[in-house]
Amino acid sequence: MKLTLLAAAASCFAALSAPLAATAQQAPIEVSIPSGSETVSARLLVGDGEGDRPAIALFNGFPSGSNVPRVAGELQAAGYTVLVPSYRGTGASGGEFSLDNARVDGQAVVDWLRHHEGIDPDQVAVFGVSFGGWLALHTAALDADIRCVVALVPADMGVIADRWGRDPEYAALWRSELDSFAADTELARFGAGGPGAFMQASIAGAEEARFSPKAAALADRPVFVAGGRSDPAAPFTDHYGPLVAALRAAEVPFAALEFPGGHNPNEAKAAAVSFIERSCFAD
């Protein structure tokens, strides 16, 4: 089936990223965040309410672009401040896209949130979709002070990169799509080596990119994960199943939602927002 992560993510995230309706909420603020030797472009939605706000770093799928998911506006209306970054090498951000750079970007935006005026530094969470779900999990595993994690239809890039190295047909399908993104520098920039070099570097780092061996790092924090049993982009048995098994083995306090559909975060969005309200920032 010629439906890779990128095609499915672009389709499923279109609905989640529908334009925000006009409301009395504060409009998104454009910000620049240092990350490595470059800067990440991001949009900040300041939460309604008095005093320092709990905050959520919201990681889009790839390529992240400049869209602001509708769920970000819903979280803002609930009183949370939300930061939506574009990874290096995408949109208006500088630099080149790579898995290593994206992981540094994740840490950078969380650190920026903690030091931004009006944010409670002890009340920061991460929320990710597809590629962003993988990044949210990794970011929290590296940062013990992140309060909770939400990962909708997470796509484990370690699993994907490992298959690139073993399955030439699968790798060729991905290469075709990555080439199409690289043709538009507003979507993705992979550097001088292009998508081929990106894929080879990802294959070499596949084991480090896998999330499941890092699950124990989340043993003291609530986690919400959701996956579609018919997901063609991040197949249920290859991505969601091993993730849930690893969280269970590590005795992580997680909640999991399985739904019959595919790579569609909308089927889990309401449950994710409810989880944040119940579990993330309780004293």
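**Helix packing, sheet and loops**

In this predicted model, helices α3 and α4 cross each other in a right-handed way. Helix α3 covers residues 99–114 and helix α4 covers residues 131–142. Two packed helices can be described by the angle between their axes and by how far apart those axes lie. For α3 and α4, the angle is about 65° and the axes are 9 Å apart. On the α3 side, the contact is made by Leu-99, Ala-102, Arg-103, Gly-106, Gln-107 and Val-110. Helix α4 answers with Phe-131, Trp-134, Leu-135, His-138, Thr-139 and Leu-142. Sorted by class, the residues of this contact come out as 7 nonpolar, 4 polar and 1 charged.

Next comes another helix pair, α5 (residues 157–166) and α6 (residues 168–182). Their axes come within 6 Å and cross at roughly 115°, and this crossing is left-handed. Here Ile-160, Arg-163, Trp-164 and Arg-166 of α5 meet Pro-168, Tyr-170, Ala-171 and Trp-174 of α6. The class count for the α5 and α6 contact is 6 nonpolar and 2 charged residues, with no polar ones.

Now for the strands. The model has an open sheet built from 8 strands, and its pairing is mixed. Reading across the sheet, the order is β1-β2-β4-β3-β5-β6-β7-β8. The edges are taken by β1 and β8 (254–259), each of which pairs on one side only. From one strand to the next, the twist averages 20°. Helix α4 turns up again here, since it packs on the sheet and touches β3 (53–59), β5 (119–129), β6 (149–152) and β7. The direction of α4 makes about 140° with that of β5.

At the β1 end of the order, it is worth going strand by strand. Strands β1 (residues 29–35) and β2 (residues 38–45) run antiparallel and are joined by 7 bridges. Among the paired residues, Glu-30 has Arg-43 of β2 as its bridge partner, Val-31 has Ala-42 of β2, and Pro-34 stands opposite Thr-39 of β2. What do β1 and β2 form, with 2 residues between them? They make a hairpin, and Gly-36 in its turn has a positive phi of about 60°. Strand β2 also pairs with β4 (residues 81–85), again antiparallel, through 4 bridges. Arg-43 takes part here too, with Val-84 of β4 as its bridge partner. Arg-43 is therefore bridged to Glu-30 and to Val-84, in a pairing where two strands count as paired if there are at least two bridges between them.

Two spots in the loops have backbone angles worth a look. Most residues other than glycine have a negative phi, and most peptide bonds are trans. Where does Ser-130 sit? It lies in the loop between β5 and α4, and its phi is near 60°, a positive value in a residue that is not glycine. The other spot is the peptide bond from Phe-62 to Pro-63, which is cis, with omega near -10°. Pro-63 belongs to the loop between β3 and α2 (70–77).

Finally, there is some empty space inside. Rolling a probe the size of a water molecule over the atoms shows where such space is left. How many cavities of 30 Å³ or more does the structure hold? There are 2 of them, and the second largest cavity has a volume of about 40 Å³. Its lining is made up of Val-153, Pro-154, Ala-226, Gly-227, Gly-228, Asp-231, Ala-234, Phe-236, His-239 and Tyr-240. Strand β7 (residues 223–228) supplies the largest share of that lining, with 3 residues. By class, the lining of the second largest cavity splits into 6 nonpolar, 3 polar and 1 charged residues.

Notes
Residues are numbered from 1 along each chain as its sequence is written. This is a predicted model: local features need pLDDT of at least 70, side-chain atom pairs count only at pLDDT 80 or more; totals for chains, interfaces and linings use all residues. Side-chain values use heavy atoms; hydrogens and water are left out. Axes are lines fitted to C-alpha atoms, for helices over the stretch in contact, and angles run from 0 to 180 degrees between N-to-C directions. A crossing is left-handed if the near helix is turned anticlockwise from the far one by less than a right angle, and right-handed if clockwise. Contact means heavy atoms within 4.5 Å. Ala, Val, Leu, Ile, Met, Phe, Trp, Tyr, Cys and Pro count as nonpolar, Asp, Glu, Lys and Arg as charged, and the others, Gly among them, as polar. On a 1 Å grid over the protein atoms alone, a cavity is a set of points where a 1.4 Å probe fits but cannot get out, and a pocket is an open set with protein on both sides within 12 Å along at least five of seven lines; lining residues have an atom within 4 Å of a point. Grid points are joined across faces, edges and corners, and a volume is the space filled by probe spheres set on the points.
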